[in-house]
Amino acid sequence: MSDVTPHTGAKFKVTRRGLIVGAAATCAAGGVFAANWFNVGATIAGGALTVSDAHNKANAGDVFLIDIRRPDEWARTGVGEGAHPIDMRRDDFTQALLVLTKGATDAPVALICARGVRSRKMTERLTAAGFSQIIDVPEGMLGSGAGPGWLRAGLPVVAVQ
């Protein structure tokens, strides 16, 4: 135990119990962060699609499948066959999507990212912007609580130039 004098001049003791409680809180916060990062609570519900359904619908022309990840992610894993890579960080993301859908805000658009976290957020953003048929693919390319993901499901990918 040691006395510590912060800049306020007040003294407080650092105890073993305080260190243990602090360490436990840090671990709990890390667990929550990891659960969110890996999207362990994700499910295929509502209008969401499995990766297999997204692949089939994209190849049949029934949905525009948009891979919203970053270019470095596309380079590492490739892009799912049938998907259009549009980086969600682009300032003109909405306009690029409208070009692809020929201006139709009611066109069915499925969004995929790594683990379903960004696609869920972008689904909300595009719905708020007036798109009426935005569909989440919560498994993502790498898998989440919703399923194994595009790569582990063995679905085809294409390299991005």
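**An open parallel sheet and two of its neighbouring helices**

Let me begin with the sheet, where four strands, arranged in the order 5-3-6-7, form an open sheet with parallel pairing; strands here are DSSP runs of E of at least two residues, helices are runs of H or I of at least four, both numbered from the N terminus, and two strands pair if DSSP finds at least two bridges between them. At the edges stand strand 5 (83–85) and strand 7 (134–136), each with a single partner strand, so one side of each has no neighbour in the sheet. From one strand to the next the twist averages 30°, with angles running from 0 to 180 degrees between N-to-C directions and axes being lines fitted to C-alpha atoms, for helices over the stretch in contact.

I should say that this is a predicted model, in which local features need pLDDT of at least 70 and side-chain atom pairs count only at pLDDT 80 or more, while totals for chains, interfaces and linings use all residues. Residues are numbered from 1 along each chain as its sequence is written, and side-chain values use heavy atoms, leaving out hydrogens and water.

Strand 3 (residues 64–67) pairs with strand 5 in the parallel sense over three bridges, and I66 stands opposite H84 in strand 5.

Turning to the helices, helix 5 lies across strand 6 (109–112) and strand 7, running at about 165° to strand 7. Helix 4 (residues 93–100) packs with helix 5 (residues 117–128) at an angle of about 75°, their axes 12 Å apart. In that contact (heavy atoms within 4.5 Å), F93, T94 and L97 of helix 4 meet M122, R125 and L126 of helix 5.
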